[in-house]
Amino acid sequence: MSEETKYDGHFAVEGGNFRNAGQVSSRIKNILKDLGCDSDMVRRAAIVTYEAEINIVSYARKGLIHLRAKPDSVRIEISDEGPGIADIELAMQEGYSTASPIVREMGFGAGMGLANMKRFSDNFSITSRVNEGTQVVMQIDQVH
Ligand SMILES: Nc1ncnc2c1ncn2[C@@H]1O[C@H](COP(=O)(O)OP(=O)(O)O)[C@@H](O)[C@H]1O
Ligand SMILES: [Mg+2]
């Protein structure tokens, strides 16, 4: 761990497990709060992590969320094994969703997840390979 890294760890997310959905993002929120991170940074990190976690649960077989916190920025890396995304530009569009009826019944599938992950990040990148999986890297910086 580099000297200025305050936290470095990863969390597993199980595809299809809606019962536990949201647990990782709430743990991450608490870790960042306990580190004394700026509250706006904590809020944005919690939002993007929640959306990433829900996407793994909804679409992938399994995934990992890697959190690295520095004094004035948070880096969140998501990687999953799953169907991947064939058309990323389309998937990024607000309102676009392939969520199943079951997923929608649970209140997910508004098609805002990826768009919000980008909106609340200062740096966002996504890569994906069909039938392999998807990776998202997000950085959130402290404003002041
Ligand atoms: N990790 C993922 N693996 C495969 N497909 C995904 C993944 N994340 C998102 N997608 C695809 O991108 C679409 C848009 O995702 P998102 O913006 O989070 O909205 P929603 O999850 O509400 O559909 C999803 O409906 C799905 O088709
Ligand atoms: Mg989503």
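**Exercise 1. Asn30**

Task: In this predicted model, decide whether Asn30 is buried, exposed or partly exposed, and place the residue in the secondary structure.

Solution: Start with the area. The relative accessible area of Asn30 is 41%. Buried requires under 20% and exposed requires over 50%, with partly exposed in between. Asn30 is therefore partly exposed. Next, find the element: Asn30 belongs to helix H1, which covers residues 23-34. Finally, compare sequence and space for one pair. Asn30 and Glu81 are separated by 51 residues in sequence, and their C-alpha atoms lie 26 Å apart.

**Exercise 2. Overall fold**

Task: Count the helices and strands of the chain, give their order, and state why the chain is called as compact as a globular protein of its length.

Solution: The chain holds five helices and five strands. Read from the N terminus, the order of elements is β-α-α-β-β-α-α-α-β-β. The radius of gyration is 15 Å, and the globule rule gives 15 Å for 144 residues; the two are close, so the chain is as compact as a globular protein of that length. The C-alpha trace spans about 45 × 30 × 25 Å along its principal axes.

Then look at burial and contacts. Of the 144 residues, 42% count as buried. The accessible surface is about 8,000 Å², and carbon and sulfur atoms make up 46% of that surface. Among contacts with a separation of 6 or more, 64% join residues 24 or more positions apart.

**Exercise 3. Strand pairing**

Task: Work out which strands pair with S3, and trace the pairing on to S4.

Solution: Begin with S2 (residues 62-70). S2 pairs with S3 in the antiparallel sense over nine bridges. The two strands form a hairpin with two residues between them. One bridge joins Leu67 to Ile76 in S3.

Move to the other partner. S3 (residues 73-81) pairs with S5 (residues 133-141), again antiparallel, over seven bridges. Here Ser79 stands opposite Gln135 in S5.

The last step leads to S4 (residues 123-129), which pairs with S5 in the antiparallel sense over seven bridges. Ser128 faces Thr134 of S5 in this pairing.

**Exercise 4. The turn between S4 and S5**

Task: Find what sets the backbone of Asn131 apart, and say whether the residue is buried or exposed.

Solution: S4 and S5 form a hairpin with three residues between them. Asn131 sits in the loop between these two strands. Most residues other than glycine have a negative phi. Asn131 has a positive phi of about 70° although it is not a glycine. For burial, the relative accessibility of Asn131 is 64%, so Asn131 counts as exposed.

**Exercise 5. The nonpolar core**

Task: Name the residues that touch the most other members of the largest nonpolar core, and list the contacts of Met138.

Solution: The largest nonpolar core has 31 residues, and those touching the most other members are Leu32, Ile65, Leu67, Ile76, Ile78, Met117 and Met138. Helix H2 (residues 39-59) supplies the largest share of this core, with seven residues. Now take Met138. Leaving aside residues up to four places away in sequence, Met138 touches Val48, Val74, Arg75, Ile76, Ile78, Met117, Ser121, Asn123 and Phe124.

**Exercise 6. The aromatic pair**

Task: How many aromatic pairs does a search of the whole structure find, and how are the rings of Phe18 and Phe108 arranged?

Solution: The search finds one aromatic pair. The ring centres of Phe18 and Phe108 are 5.9 Å apart and the ring planes meet at 25°. Planes under 30 degrees apart count as stacked, so the pair is stacked. Phe18 lies in the loop between strand S1 (7-14) and H1, and Phe108 in the loop between helix H4 (101-105) and helix H5 (113-119), so that the pair links parts of the chain 90 residues apart. Phe18 is partly exposed, with a relative accessible area of 22%.

**Exercise 7. Thr5**

Task: Decide whether Thr5 is buried or exposed, and name the residues it touches.

Solution: Thr5 is found in the segment before S1. Its relative accessibility is 10%, so Thr5 counts as buried. Residues up to four places away in sequence aside, Thr5 touches Arg68, Ala69 and Lys70.

How values were computed. Residues numbered from 1 in each chain as written. Chains lettered and ligands numbered in written order. Predicted model: local features only at pLDDT ≥ 70, side-chain atom pairs only at ≥ 80, totals over all residues. Heavy atoms only, no water. Core = buried A, V, L, I, M, F, W, Y, C linked by side-chain atoms within 4.5 Å. Buried < 20%, exposed > 50% of the residue type's maximum accessible area, 1.4 Å probe, protein only. Helix = DSSP H or I, 4+ residues; strand = E, 2+ residues; numbered from the N terminus. Contact = heavy atoms within 4.5 Å. Pairing = 2+ DSSP bridges. Rg over C-alpha atoms; globule rule 2.2 N^0.38 Å. Areas by Shrake-Rupley, 256 points an atom, 1.4 Å probe, with all protein chains shown as cover. Phe/Tyr/Trp six-rings, centres within 6.5 Å; stacked < 30°, edge-to-face > 60°.
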